[in-house]
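Morning, everyone. Please have the sequence and the model open while I talk. I will go through the sheets, then the charged pairs, then a few single residues.

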Amino acid sequence: MGICHPLPLIAMAACLAFPAVAKAEPAIDVTIKDHHFTPAEIHVPAGKPVTLNVKNEDETAEEFESHDLKIEKVIGGGTSGTVRLRPLDPGKYSFIGEYHEDTAKGVIVAE
């Protein structure tokens, strides 16, 4: 009879002891076009982190800014960026495009 090597058994035991339970956080696509955000009202689950995938279809840069959330992220013209939201309490959190705040406005609703 052959000798059974313990490493495969240890590896298998580790996989059973620590199953993969991490779930990817929700991602929401947001577009900047003609200095407007679409969607302008973004609904997110309260108490869970969320990623916003922001695509700027304008030729000029825009800054995604929220004083409520203490977030600032410049998204270059014709590029995309990621804004990560921490778990939020239920409520409404406003955001603007700082470079065109007269038209680039929105709100995140955590519910």
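**Two sheets, three salt bridges and three residues**

Let me start with Asp 58. Leaving aside residues up to four places away in sequence, Asp 58 touches Ile 32, Lys 33, Asp 34, His 35, Gly 77 and Gly 78. Keep in mind that this is a predicted model. Asp 58 sits in the loop between S4 and strand S5, which covers 62-66.

Is Asp 58 buried or exposed? Asp 58 is buried, and yet it has no salt bridge. The nearest side chain of opposite charge is Lys 33, at 6.1 Å. So what do its side-chain polar atoms have around them? One polar atom of the Asp 58 side chain lies 2.6 Å from the backbone nitrogen of Asp 34. The backbone nitrogen of His 35 is 2.9 Å from a polar atom of that side chain.Asp 34 also belongs to a turn. S1 and S2 form a hairpin with two residues between them, and Asp 34 in that turn has a positive phi of about 55°.

Now the sheet around that hairpin. Four strands make an open sheet, ordered S2-S1-S4-S7, with mixed pairing. Strand S2 (36-38) and strand S7 (80-85) are the edge strands, and each pairs on one side only. Neighbouring strands here are turned by 25° against each other on average, direction ignored.

How do S1 and S2 pair? They pair in the antiparallel sense, over three bridges. Ile 32 has Phe 37 in S2 as its bridge partner. For Thr 31, the bridge partner in S2 is Thr 38. S1 and S4 run parallel, joined by six bridges. In that pairing, Ala 27 stands opposite Thr 51 in S4.

Look along S1 next. In a regular strand the side chains alternate between the two faces of the sheet. S1 shows the alternation: Ile 28, Val 30 and Ile 32 point to one face and are buried. Ala 27, Asp 29, Thr 31 and Lys 33 point to the other face and are not buried.

Stay with Thr 51. Thr 51 lies in strand S4, residues 50-56. Thr 51 has a relative accessible area of 6%, so it is buried. Its side chain makes a polar contact with the side chain of Arg 84, at 3.1 Å. Beyond residues up to four places away in sequence, Thr 51 touches several others, including Glu 25, Pro 26 and Val 83.

Arg 84 takes us to the charged pairs. How many salt bridges are there? The count comes to three. Glu 25 forms one with Arg 84, where the closest N and O atoms are 3.7 Å apart. Glu 25 is in the loop between helix H1 (6-17) and S1, and Arg 84 is in strand S7, so this pair ties together parts that are 59 residues apart in sequence. Arg 84 has 60% relative accessibility, so it counts as exposed. Glu 25, at 32%, counts as partly exposed.

Next, Glu 57. Lys 33 forms a salt bridge with Glu 57, with the closest N and O atoms 4.0 Å apart. This pair links distant parts of the chain: Lys 33 is in strand S1, and Glu 57 is in the loop between S4 and S5, 24 residues apart. Lys 55 forms a salt bridge with Glu 57 too, at 3.9 Å between the closest N and O atoms. Lys 33, Lys 55 and Glu 57 are thus linked in a network of salt bridges. Each of them is partly exposed: Lys 33 at 45%, Lys 55 at 43% and Glu 57 at 38%.

On to the other sheet. An open sheet of five strands has the order S3-S9-S8-S5-S6, again with mixed pairing. Strand S3 (41-44) and strand S6 (71-75) stand at the edges with a single partner strand each, so one side of each has no neighbour in the sheet. The twist averages 20° from one strand to the next. S3 and strand S9 (residues 105-110) run parallel and are joined by four bridges. Ile 42 stands opposite Ile 108 in S9.

Last residue: Phe 95. Phe 95 is in strand S8, residues 91-97. Its relative accessibility is 1%, so it counts as buried. Which residues does Phe 95 touch, leaving out those up to four places away in sequence? Among them are Phe 37, Pro 39, Ile 42, Phe 64, Val 107 and Ile 108. Lys 105 is also a contact of Phe 95. Those two are ten residues apart along the chain, and their C-alpha atoms are separated by 6.0 Å.

That is my tour. Over to you.

Notes. Residues are numbered from 1 along each chain as its sequence is written. This is a predicted model: local features need pLDDT of at least 70, side-chain atom pairs count only at pLDDT 80 or more; totals for chains, interfaces and linings use all residues. Side-chain values use heavy atoms; hydrogens and water are left out. Buried means under 20% relative accessible area, exposed over 50%, partly exposed in between (1.4 Å probe, protein chains only). A polar contact is a pair of N or O atoms within 3.5 Å; within protein, one must be able to donate a hydrogen and the other to accept it, and residues adjacent in sequence count only if both atoms are side-chain atoms. Contact means heavy atoms within 4.5 Å. Lys and Arg count as positive and Asp and Glu as negative; His and the chain ends are not counted. Two strands pair if DSSP finds at least two bridges between them. Axes are lines fitted to C-alpha atoms, for helices over the stretch in contact, and angles run from 0 to 180 degrees between N-to-C directions.
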